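Dear colleague,

Please find the structure we spoke about below. My notes on it follow.

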Amino acid sequence: MYKILEKTQFSEKVFKFRIEAPELARHAHAGQFLMVRANETGERVPFTFADWNAEEGWVEFIFMVIGKTTTMLASYEVGDSLQDVTGPLGQPTEMAPGTWAVIGGGVGLAIAYPVARQFAASGNEVHAIMGARTKDLLLLEDQFRSVFDDDHVHITTDDGSYGEKGVVTAPLERLLQEGKVDHIFCVGPVPMMKFSTLTAEKYETPITASLNPIMVDGTGMCGCCRVEVGGKTKFACVDGPDFDATKVDWDDLRARQAAYLTEEGQALEAYEEAMCACRR
Amino acid sequence: MPQVNGRFVPDMKSPRTPDNEEPAAERACDFRPVDKGFTKEMALAEAERCMDCKKPLCVEGCPVNINIPKFIEKIREQKFGEALDVIREDSMLPAICGRVCPQENQCEGKCVRGKKGEPVAIGQLERFLGDQPELASTPKMAPKNGKKVAVVGSGPSGITCAGELARNGFDVTVFEAFFTGGGVLVYGIPEFRLPKAVVKREIDGLMDLGVKFEYNAVVGRITDADELFEMGYDAIYIATGAGLPKFLNVPGENLPNVFFANEYLTRVNLMKANRFPEYDTPTKHGKRVVVFGGGNVAMDAVRTAKRLGAEHAIICYRRTEAEMPARRAELHHAKAEGVEVRELVAPLEFVKGEDGCVCAVRVQKMKLGEPDESGRRRPVPIEGAVEEIPCDVAISAIGTNANPFAKMIGDIKLNKWGYIIADEEGRTSDPRIWAGGDIVTGAATVILAMGAGKTAAASITKALVG
C-alpha cells in the first residue's frame, strides 16, 4: 500500500497527490511515469511524475478528473492509501544542450513542468509555453513562474480568459521566427501536439512529444500502448513515452486513445450511481 | 488391488478413465473450470492401469523426471499423502503442472500403454494429488545458511527456484513487476483452465517456507543487479520470461479492437475485465472474433472470446490442426465449445470499418509444402486465393519475444534476440547471476521453466554453500 502524504487541489478538477514511495523516488527521472491501481477492483492507470524527493521518499503526480478512476482518486484524502504504485517506467526524457521551448497543454502541463525544470537546472535556456482551454484549467503557473523569468513564460488560453487568446503555436511560432529555439518538447492533447509539430517542421526545428496512449501493464508485455512512429510499431511504455514528433502517426494515436470511450462512460455512470445510492 | 504371487497385476482391459468435464454448452458461458479433475474412485481405477514398468519411459518424458510409477503405486495403496511427497521431491507445483503440461508430448507421450491404446492419465493423477496439498508432509528444510538470493520474476521458473532455495536454507526474496505473483499463470492462463486460487495456494505455500515477495517491483527500473549485490544479496536468479508480443507486421495491425493476445488475456485474467464495471478495466466483447495462432495462447484467447459472448470465435492457423503446438486437450475443448478452426490461412491485412475500428481480416490461403528445419511442412501461399473474414475483434497470438527488462538488470551476455545466454545449470556470463525459463529458452512450457528453476537452485546452492 502506498500512503497519500499530501493532496493539493489546483482547480475544480485538477489534483496533485504526494505518495510515500521511497523506491520510486530513488529511481525517478523526468519524463518517466508510474502506474496506479487505486484499489482491489481498480484498473491500472499511467501518470507522469510531477516531482519526487529521494531523501524524503515521496513522489508526486497530477491528475485531472475525467473518468471513474480519477473521480474516485479525487475522493481519496491524506492518510488514505493507493493499492499499487509501480514505476518508474518508460525512458527518461533526453536532453540536448541549447535553448528549449517546452510546451504543455492542459493536464500535460504537469508533465511539462518537471521536464522544463530539469532542462533549466542543467544550464539550458528554457521558454515555457503554457496552454489551456480556459483560465481555470491552467495548471502550475506559480511553479513555472518560480523557476522561469516572466519573459520566458508564455501563456495562452483558447477563450482568451487569461494570457494570450489562442493556442500554443502562436508564441511557439514567434520564438521560432526570432530564432530563439533549438529544440522543442511538447505534451498535451493530440491536436496541440500535432499542430506544434507542424509549426516546428516549418522552421526545421527538432521536436519531441511525450505520448499518452492507453496502457495496461506499462512494462512492454501487452502492446496496448502501441503507436506508429516512422512507419514502425513502437510501445510507448518501453520505447517512449517520448518520440520524435515529426514521425508520429497522430490519427493512429487518437483512434487508439478513443477505443474505450463508451466503456469509460459506463464505468463513470455506474460509479456515480453507486455513490448516489450510498448518500441516500 | 489385483495381485499374483504378491506382485501387482495391472488392469489391461479398462479404457483410460475419461476426464471429468463440465458440459461444453454450459461451461462456454462462464469462466468456471472446465475440468473438475478425478474423484478418488476415478484415480484409483486409473492407477490400476499403470504397468509399473521396470524402465519407466514416462519418467524420461517428464522434464523434471518425477518418479511416476512410484507415486501411482502409492495411489493404488491409497497412501495419497506419500504419493504427493514422491511428486514433491521433484516438483513443488503438481496442481499446476497436472493441469497445464502438454502431457501428450511428455510423460503420457512416452507411456507404453499409449502404443496400443490410451496412455495412463498421468497428468490427471498428478493433479488429483496436487489438489490435496494438506496431505503432503512438510518439506524438510535445511538449516538457514545465512545467504541471500534475489529472484526476479514470480512466474513458474522464479517460484520453483525460490521454493527450492528456501528448502536449501537460503533467505529468498522474489521481485515481481505486477501486483500479484504467478506470471503467466495469473495473467495468461485463464481461470477455466487454471483457477487463480490454485496459483495463490502455491504462492502462499512458498511464503510459509519463508520466501518473501516484493510486488510492483520492476527490477531494471527500480533497482538493478549492482544495487541488489550492494544490498547484500549473494546471487540473483533472473526469470523474467518472454512476454513481449511478436508483431504480425501486416497493415492495420494497430487499428482499435486488434489485440495482442497478452493484452486481451491480461485484461480478463489479471484485471477481471469480464466483470466490468464491478472491476474497472474494460474489454471488447466481440460478436465475431478472429484469433491468429495455433498455440495454447491462441486457444486461451479464442475460448475467452467465446465466454465474453462471441457468436463466432474463429482460430486461423497457417498450417493444419496436426501441426498446432497447442495441448491436444485444449484444441478438443475449444472445438467442443463451438470454436471454428480455419486451417491454412495467414493474415494479409486488418480492414478498417466505418467506425475506424477493425471490421474484417483479409487472409491468404495456404497449402503445405516441403518440411522446414523444424520438420514441419512449411505453409506456402496459394496464389490469388485471398478471402475476407468479417470480425469486430481480432487477436494476434503468434508468439512472444524476450522481456525487454532482461538487459537492464545487469551486465550479462544476451543473444541477438535479447535472450539471456546461460549454460545447462543456468549460469550466465556473470558468476553471481543465474537465469532460466523463457528468458533463456524463448517461449516454452511451464514445466520446462520449472525445471530450469530447479536446476539453477541446485547450481546456486552448490556455488554458495558447496
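Where in chain A is Glu12(A) found? Glu12(A) sits in the loop between β1 (2-9) and β2 (14-20) of chain A. Before going further, please keep in mind that this is a predicted model. Glu12(A) has a relative accessibility of 69%, and because the cut-off for exposed is over 50%, Glu12(A) counts as exposed. Together with Asp136(A), Asp158(A) and Asp159(A), Glu12(A) forms a negative surface patch.

Salt bridges

Over all chains, the count comes to 52 salt bridges. Three of them are described here.

Within chain A, Glu6(A) is paired with Arg18(A), and their closest N and O atoms are 2.9 Å apart. Glu6(A) belongs to strand β1 of chain A and Arg18(A) to strand β2 of chain A, so this salt bridge ties together parts that are 12 residues apart in sequence. As for cover, Glu6(A) is partly exposed at a relative accessible area of 33%, while Arg18(A) is buried at 19% relative accessibility.

Between the chains, Arg26(A) forms a salt bridge with Glu227(B), with 3.3 Å between the closest N and O atoms. Arg26(A) lies in helix α1 (residues 22-27) of chain A and Glu227(B) in helix α13 (residues 225-230) of chain B, so the pair joins two chains. Arg26(A) is partly exposed, at 43% relative accessibility. Glu227(B), at 19% relative accessibility, counts as buried.

Within chain B, the side chains of Arg27(B) and Glu21(B) meet in a salt bridge at 3.6 Å, N to O. Arg27(B) is buried, with a relative accessible area of 2%, whereas Glu21(B) is partly exposed at 34% relative accessibility. Both residues belong to a network of salt bridges that also links Arg193(B), Asp300(B), Arg303(B), Arg307(B), Arg327(B), Glu330(B) and Glu337(B).

Helix α4 of chain B

How many of the nine residues of helix α4 (residues 68-76) of chain B are buried? Seven are, and the helix is accordingly mostly covered. The buried residues of α4(B) are Ile68(B), Pro69(B), Phe71(B), Ile72(B), Lys74(B), Ile75(B) and Arg76(B); the list includes Lys74(B) and Arg76(B) alongside residues such as Phe71(B) and Ile72(B). In chain B, these buried residues pack against one strand element, β2 (7-8), and against the helices α2 (40-47), α3 (57-61), α5 (80-88), α7 (107-110) and α9 (122-130).

Backbone points to check

Chain A has a cis peptide bond between Gly87(A) and Pro88(A), with omega at about -5 degrees. Pro88(A) is part of strand β7 (residues 84-89) of chain A. A cis peptide bond also joins Gly240(A) and Pro241(A), where omega is about 10 degrees. Pro241(A) is placed in the loop between α7 (236-239) and β16 (242-244) of chain A.

Two residues that are not glycine have a positive phi. For Glu204(A), phi is about 50 degrees. Glu204(A) is in the loop between α6 (190-202) and β13 (207-210) of chain A, and with 74% relative accessibility Glu204(A) counts as exposed. For Leu344(B), phi is near 55 degrees. Leu344(B) is found in the loop between β11 (340-342) and β12 (345-352) of chain B.

Two further loop residues in chain A

Is Ile66(A) buried or exposed? Ile66(A) is exposed, with a relative accessible area of 70%. Ile66(A) is located in the loop between β5 (58-64) and α2 (68-74) of chain A. From Ile66(A) to Lys3(A) the separation is 63 residues in sequence and 23 Å in space, C-alpha to C-alpha.

His152(A) is in the loop between α4 (141-147) and β10 (153-157) of chain A. With a relative accessible area of 14%, His152(A) is buried. Which residues is His152(A) in contact with, leaving aside its neighbours within four places in sequence? They are Glu125(A), Val126(A), His127(A) and Ala128(A).

Regards

Definitions and conventions
Residues are numbered from 1 along each chain as its sequence is written. Chains are lettered from A and ligands numbered from 1 in the order in which they are written. This is a predicted model: local features need pLDDT of at least 70, side-chain atom pairs count only at pLDDT 80 or more; totals for chains, interfaces and linings use all residues. Side-chain values use heavy atoms; hydrogens and water are left out. Patches are made of residues with over 30% relative accessible area and no salt bridge: like charges are joined within 9 Å, nonpolar side chains (Val, Leu, Ile, Met, Phe, Trp, Tyr) within 5 Å. Accessible areas come from the Shrake-Rupley method with a 1.4 Å probe; for residues, only the protein chains shown count as cover. A salt bridge is a side-chain nitrogen of Lys or Arg within 4 Å of a carboxyl oxygen of Asp or Glu. Lys and Arg count as positive and Asp and Glu as negative; His and the chain ends are not counted. The place of a charge is taken as NZ of Lys, CZ of Arg, CG of Asp or CD of Glu. Helices (H or I, at least four residues) and strands (E, at least two) are DSSP runs, numbered from the N terminus. Buried means under 20% relative accessible area, exposed over 50%, partly exposed in between (1.4 Å probe, protein chains only). Contact means heavy atoms within 4.5 Å.
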